[in-house]
Amino acid sequence: MAEDFDVKFTDRHYTPDPSYRQNSWLGDYQKAYEEFTRDPDAFWDRIASELHWFTPYTQVKEWNFPYARWFLNGKTNITYNCLDRHVLNARRNKVALIWRGEDDTERIYTYRQLFREVMRVANGLKNLGVTKGDRVCIYMPMVPEQIISMLACARIGAVHSVVFGGFGAAALNSRITGAAAKVVITADVTFRRGKSIPLKHIIEEAIINAPSVEHVVVLRRETNQPVEIHREMEVDFYEMIRDVQPECEPEIMDAEDPLFILYTSGSTGAPKGIVHTCGGYMVGTYYTTKNVFDIKDNDVYWCTADPGWITGHSYVVYGPLAMGATIVLTESTPDFPDPGVYWRMVEEFGVTILYTAPTAIRMFMKLGEQWPNKYNLSTLRILGSVGEPLNPEAFEWYYHVIGKDKVPILDTWWQTETGMHMITTMLGEPMYPGFAGKAIPGVVADVVDKDGNPVPPGTGGFLAIREPWPSMLRTVYNDDERYRKYWNTIPGCYAVGDLAVKNKAGCIMVLGRSDDLIVVAGHNIGTAEVESALVSHKAVAEAAVIGKPDVVKGNIIKAFVILRVDHTPSDKLKNELLYHVRITLGPIAMPSEIEFVASLPKTRSGKIMRRVLKAKEMGMDPGDISTLDE
Ligand code: PRX
């Protein structure tokens, strides 16, 4: 049983300088948490009232297990809070976005400029026939237009579904058809490690058999050889906005209207379209950006995530802009042209808050201190981590080498589904390497057994959330059954799917997934999706994939493949299968190892027991195998 194990750890910890707590928006963690517990609705009401509502809400929440509605009857538009509010007030000429390309090209938008661009794109989309409630798929590299497109959708009430630019045609097709997107916004190429990588042909393939798509908007970046626009379907991004007005009134959105859908891997079947709403998501991301990152007006804030993932939605775009922050975005990879590129950006832009992923930290660790040591990192005042466990070694390195033994590290635990940070070590609190921390004020989290009872410190269990929170997912798009599953796995709790353990101080260490998801370099990959990509190859009869621990990526994917009778194992076939996964799902889902096998361990009901494969692979005891079909 998952909960029957003990975990050993030390209680070594670091305590940040008291000034962090004294000067923070939040103040004392305990006090804030108590304020929340005393009256949760009053707590969220106080936060929500810091934002602009066209019509005030009449009730903070309605909880009808497992369905929550927040800020009932409130009318707002998240872009009003991210843009108008700042332009109308003191931040009109403040830098909103600093973008840097791989070749060091820079583009800088003030709040006013960003506002105008968003409104132009919003009008352009309107002219294409996009209206409130329509779905728009955004499949773009990390360029300002990616963010502008998201905000433009939100401006007019269109529901965006951003798909990470590293996904392949089949993955993209299932996300476009799943959401029945009317318009797809893309770019001709993405620049990576000095090369331009074409994107448009992936879209061309992905919209075959996607009958909902009426237009594809193409941002043309390649100036030497501009790609051809197929006018019957395609529209040039800048032509779309050439003759439009830079004014577009925000659509009046109900707090519970959907803001976006974001697909995340499921443990079985197709990816899940997680649905977030306008009001609750806005309040949750604003609150956490303010109180977890403690953003102040003179901060230069850099979250390295791609807006194609939830981290980018919440903490590149919506949260920081709602706070009126200056954000940094780059298309650069962390090791090109050399492993100093991120640290050079920290120095040049004077970054004060850096939010990145353990996989990047471990890569920097491997490449050596000489790279960060070349640059002046003294502007940094807060460091963040997200996406997978920040193991103690990586924490220490981040703390000593980047933070120079004085910058607090926020290891933030949360999910696509939660929309906002849920567990972390709030500024000023003692930081235990390896432990994310405690539930933030506003969240009730615990480590429990399968019946929902708390387990004692040192004993592993399931991480669970007990009460609703504003930015929680409202449903899984077109599949509410899968939404209910989150709430009916552990009695009375939202089951997050992670294993965890607490220390005596009550801090939570996340140990990894308890289901069939593999976190590879911080990206959630569903075993089911990779397996079906493999099985869609003509040589494959059956496939099972597992995650294997890896020092840099956290996990790598290993695939076990049974071939059809008329095919024989060979290295050439392995490469063909890898290529097939690359083309269908994209490079992020490619297995690092493929092993051809004659059979797979299954339960008597025919379910593949990946846990048995994993144990065997790692030379461990497979645990309870009573259901294994011999
Ligand atoms: O397993 C946990 C891991 O990532 C999962 C959520 O993945 P996703 O929806 O893609 O969102 C990632 C970015 C928020 C979680 O269930 N995870 C995320 N953050 C952490 C983490 N595991 C350990 N520590 C974290 N800080």
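A hairpin connects β1 to β2 through two residues in this predicted model, in which local features require pLDDT of at least 70, side-chain atom pairs count only at pLDDT 80 or more, and totals for chains, interfaces and linings use all residues. Residues are numbered from 1 along each chain as its sequence is written, and side-chain values use heavy atoms, with hydrogens and water left out. Strands (E, at least two residues) and helices (H or I, at least four residues) are DSSP runs numbered from the N terminus. Two strands are taken to pair if DSSP finds at least two bridges between them. Strands β1 (residues 59-64) and β2 (residues 67-72) run antiparallel and are joined by five bridges. Glu62 has Arg69 in β2 as its bridge partner. The loop between β1 and β2 contains Pro66, and the peptide bond from Phe65 to Pro66 is cis, with omega near -5°.

A second cis peptide bond is found between Phe336 and Pro337, with omega of about 0°. Pro337 is located in the loop between β17 and α12 (341-349). Asn209, which is not a glycine, has a positive phi of about 65°; Asn209 is placed in the loop between α8 (200-206) and β11 (215-219). As background, most residues other than glycine have a negative phi, and most peptide bonds are trans.

An open sheet of seven strands has the order β5-β4-β17-β16-β18-β19-β20, with mixed pairing. Its edge strands, β5 (106-110) and β20, each pair on one side only. On average, neighbouring strands of this sheet are turned by 15° against each other, direction ignored; axes are lines fitted to C-alpha atoms, for helices over the stretch in contact, and angles run from 0 to 180 degrees between N-to-C directions. Strand β4 (residues 95-100) runs antiparallel to β5, and five bridges join the two. Arg100 stands opposite Glu106 in β5. Helix α11 packs on the sheet and touches β4, β16 (300-303), β17 (326-330), β18 (353-356) and β19 (382-386), contact meaning heavy atoms within 4.5 Å. The direction of α11 makes about 160° with that of β16.

Another open sheet consists of four strands in the order β23-β24-β26-β27, with antiparallel pairing. Strands β23 (445-448) and β27 stand at the edges with a single partner strand each, so one side of each is left without a neighbour in the sheet. The average turn between neighbouring strands of this sheet is 45°, direction ignored. Five bridges pair β26 (residues 494-502) with β27 in the antiparallel sense, and Val501 stands opposite Met509 in β27. The hairpin formed by β26 and β27 has five residues between the strands, and Gly506 in the turn has a positive phi of about 90°.

The ligand is surrounded by 17 residues, of which Asp411, Thr412, Thr416, Asp498 and Arg513 come nearest; a residue is near a molecule if one of its heavy atoms lies within 4 Å of it. At least two residues of this shell are supplied by each of α11 (310-322), β20 (409-412) and β27 (508-513). By class, the shell has six nonpolar, six polar and five charged residues. In this classification, Ala, Val, Leu, Ile, Met, Phe, Trp, Tyr, Cys and Pro count as nonpolar, Asp, Glu, Lys and Arg as charged, and the others, Gly among them, as polar.

Individual atom pairs were also located between protein and ligand. An N or O atom in the side chain of Asp411 is 2.7 Å from a nitrogen atom of the ligand, and a backbone N or O atom of Gly387 lies 3.1 Å from a ligand nitrogen atom. An oxygen atom of the ligand lies 3.1 Å from a polar side-chain atom of Asn524. The ligand on its own has 540 Å² of accessible area, of which the protein covers 95%, as calculated by the Shrake-Rupley method with a 1.4 Å probe.

Phe596 belongs to strand β32 (residues 593-596). With neighbours within four places in sequence left aside, Phe596 is in contact with Val561, Leu563, Pro569, Ser570, Leu573, Lys574 and Leu577. Between Phe596 and Leu383 there is a separation of 213 residues in sequence and of 43 Å in space, C-alpha to C-alpha.

Terms used:
A polar contact is a pair of N or O atoms within 3.5 Å; within protein, one must be able to donate a hydrogen and the other to accept it, and residues adjacent in sequence count only if both atoms are side-chain atoms.
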